[in-house]
Amino acid sequence: MEETLTKRKLLAAISHGSILLSATLVSWAVPLVVYLVTDDVIAKDHAKEALNFHVNIVFWGFIFGILTGVLIGWAFLAGLGLVTIIFPIFALLSVFNDPDKVYRYPLIYRLL
C-alpha cells in the first residue's frame, strides 16, 4: 500500500511540476507519458489535469500575445507568467498533502 501511495505521489508530482519546464517540449511529454503508461487511475487523472493546464497556458499565451501587439496584453502576459508558476506550486502542495485527491486547476477549460 505504501509503495502504491509513493508511486502515485511521484507520478502526480512530476506531472504537475513539468509545467515549470515550460520552455521545453519535455513539459508536455512528461504528463503525456504518465497518462499513457500508468495503470493508476488517480495518477492518470493528475496527468490529464496537467495536460489540460498546459493546453490552457498555450491558448491564453497566444491570445495575450496577440493583444500585446495592440499594447493591452503586457499586463495579461505578466499575469499569465505568474499563474504558470503559482498554480503548479499549489498543485504540488496538494499532491504532497493528499495524493488520493486529484487537484483541479481553477479557471481552465478541461478539453481532455
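Three exercises with worked solutions follow, on a predicted model.

Residues are numbered from 1 along each chain as its sequence is written. In this predicted model, local features need pLDDT of at least 70 and side-chain atom pairs count only at pLDDT 80 or more, while totals for chains, interfaces and linings use all residues.

**Exercise 1.** State how many helices and strands the protein chain has, and their order.

Solution. Helices (H or I, at least four residues) and strands (E, at least two) are DSSP runs, numbered from the N terminus. The protein chain has 4 helices and 0 strands. Read from the N terminus, the order is α-α-α-α.

**Exercise 2.** Compare the radius of gyration with the globule rule.

Solution. The radius is taken over C-alpha atoms, and the rule is 2.2 Å times the number of residues to the power 0.38. For 112 residues a compact globule would come near 13 Å; the protein chain has 15 Å, which agrees. Along the principal axes, the C-alpha atoms fill a box of roughly 55 × 25 × 20 Å. As for burial (under 20% relative accessible area, 1.4 Å probe, protein chains only), 37% of the 112 residues count as buried.

**Exercise 3.** Work out which helices line the largest pocket and the character of its lining.

Solution. Start with the helices: α3 (41–69) and α4 (74–97) each supply at least two lining residues. The largest share, 5 residues, comes from α3. Next, the residues: the lining includes Phe53, Trp60, Gly79, Phe87 and Pro106. Then sort by class, with Ala, Val, Leu, Ile, Met, Phe, Trp, Tyr, Cys and Pro nonpolar, Asp, Glu, Lys and Arg charged, and the others, Gly among them, polar. This gives 10 nonpolar, 2 polar and no charged residues.

Conventions
Heavy atoms only, no water. 1 Å grid on protein atoms, 1.4 Å probe; cavity = no way out; pocket = protein on both sides within 12 Å on 5 of 7 lines; lining within 4 Å. Buried < 20%, exposed > 50% of the residue type's maximum accessible area, 1.4 Å probe, protein only.
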